[in-house]
Amino acid sequence: MPTATVSTLPINAAGSSKSEAIPVLRIDSVRKSFDKLEAIRNVSLDVTENEFVSLLGPSGCGKSTLLMMVAGLIHPSGGEISINGSPVTGPRPEIGVVFQQPVLLPWRTVLDNVLFPIELLKLRRADYEAAAMELLAMAKIDDFAHHLPRQLSGGMRQRASICRALIHKPRILLMDEPFSALDAITRDEMGVELLRIWQANRKTVVFVTHSIREAAFLSDRVLVMGRRPATIIEEVKIDLPRPRQLSMMESEPFNQYVRRLRKSIEASHA
Amino acid sequence: MLKWMRKSLADLAWPVGISLLLLVLWEVAVRKLGIRSIILPPPSEIMVAIWDRRELLLAHLWPSLYLTILGFVLSVIGGILVAVVITYSSTLRRGFYPIIVVSQVVPKISIAPLFIVWFGTGTMSSLLLAVLIAFFPMTINSALGFQSIDEDIHRMARTFMGSRWQIFWKIRMPNALPYIFSGMKISITLAIIGVIVSEFVASQEGIGYLIKLAGGLLDTPLMMAAIAVLSISGLALYGLIALAEQRSVYWQTSSDIGGNAGG
């Protein structure tokens, strides 16, 4: 039971020196049932600072539910989720979320959409405008800052929603199948873009996907989840060099990881 | 802006052209067939009547317009407030929403004589009838607008710690705006009907009264002039709302807006 040692440590501000020892995010024996349906059974997971972790599993296996519990929107039926040592009881400002759909507000310009969390968190908009433009520039959509979402392509909208999730400088970025609504080519490009943005402003990322290649390409660590009730079946460390380019997807080491992940998923079906 | 105006002018060209053509046909037909103007006056005679009796028409137009606009504004405010209550209280929604919907079956015009028994002849009855008719579409449309927000948008706002108050003003309200405008477009025409009908039944002034009076005197040109003035006023009010809609609901294309209207 390592939790006892964690709570005794002084962990307030972003103490990066201790980042190896203290998980930014701790999921401890979490269960979730909806009425009589058991969705998640006993999931435990520690994520360290600046780590990119993927939850990989078939659709409807409960990985999105797990993510929404981390976001504080759903309460676990048992177990505990804590961020920096303090238990999650509701939405928190240290978290940024990217959803499957961009969910931009159609009446706001791209820039105003990116600044939306700042308004909700009652922070001073003026302090964040420059940062928002910087993020948009990094996502290569700064030319569209004053356009409405409907004037943007699907990929550009999702980039804007990533900028929105990052604007209030969260420590943890949660991504719920963010590229699954995009076409395959855009999707690969978005993966590269995401890694570039992540490289530039390091964050802890928890990425939910049902794409094996996407998980292997993006992550430091992939957690394979089985069908309902969901549990973590296997943990695979992806030891591939960064920065990663699309060409890596043809390399033999990459494909070995893909095969291994696929085998693990297939085993869970049997 | 200019481009938009040119486009709407081009859209107007056809209906305006066809209307003019129909007016010309009407004029020619009445003259050729020798129809007496007590039955059907030609457009030219109606226009002359509008000009000659302009003071009489205006004197009766103002009270009607005043009551229409007042009734409309009350309906809009009341409708939106009731919609907010319905949106946030599930008890009231389950209790009252079905009643509101079912009460639509009652032809509200038939209540006009009852209003006169209760509130007497005069402005109060007219105003109340206008509100009674115009209120429901406003409520139902606004309630639909407040409730039709995307579940994902709601979740997004909650993850960024949006409060109920923020979610109402920053999400539900703008989301409901197109619905509120379609409600307003229905309500304004219904408010006019409410006022005119109650003026038919019992009033000493107003365009409805004038139409009835002219009918009694068999002064068909005056009657048609009054109808024409009323229609033009109604069109102008509707146009103002449509214009406000285009300005406020800038994020939807004009085809989206057209698709929302109904009733």
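Which residue of E8(A) does Met175(A) stand opposite? In the predicted model, the partner of Met175(A) is Phe207(A). The two strands concerned, E7 (residues 172-176) and E8 (residues 204-209) of chain A, run parallel and are joined by five bridges.

Both strands belong to an open sheet of chain A that comprises six strands in the order E6-E7-E8-E3-E9-E10. The pairing within this sheet is mixed. Its edges are formed by strand E6 (95-98) and strand E10 (232-237) of chain A, each of which pairs on one side only. On average, and with direction ignored, neighbouring strands of the sheet are turned by 15° against each other. Helix H9 (residues 252-269) of chain A packs on the sheet, where it touches strand E3 (52-56), strand E9 (221-225) and the edge strand E10. The direction of helix H9 of chain A makes about 175° with that of E10(A). In general, the strands of a sheet pair through backbone hydrogen bonds, in either a parallel or an antiparallel manner.

The contact between the chains involves 19 residues from chain A and 16 residues from chain B. On the side of chain B that touches chain A, helix H7 (151-159) and helix H8 (164-201) of chain B each supply at least two residues. H7(B) accounts for the largest share of this side, with seven residues. In terms of residue character, the side of chain B that touches chain A consists of eight nonpolar, five charged and three polar residues.

Methods: Residues are numbered from 1 along each chain as its sequence is written. Chains are lettered from A and ligands numbered from 1 in the order in which they are written. This is a predicted model: local features need pLDDT of at least 70, side-chain atom pairs count only at pLDDT 80 or more; totals for chains, interfaces and linings use all residues. Two strands pair if DSSP finds at least two bridges between them. Helices (H or I, at least four residues) and strands (E, at least two) are DSSP runs, numbered from the N terminus. Axes are lines fitted to C-alpha atoms, for helices over the stretch in contact, and angles run from 0 to 180 degrees between N-to-C directions. Two residues are in contact if their C-beta atoms, placed from the backbone, lie within 7 Å. Ala, Val, Leu, Ile, Met, Phe, Trp, Tyr, Cys and Pro count as nonpolar, Asp, Glu, Lys and Arg as charged, and the others, Gly among them, as polar.
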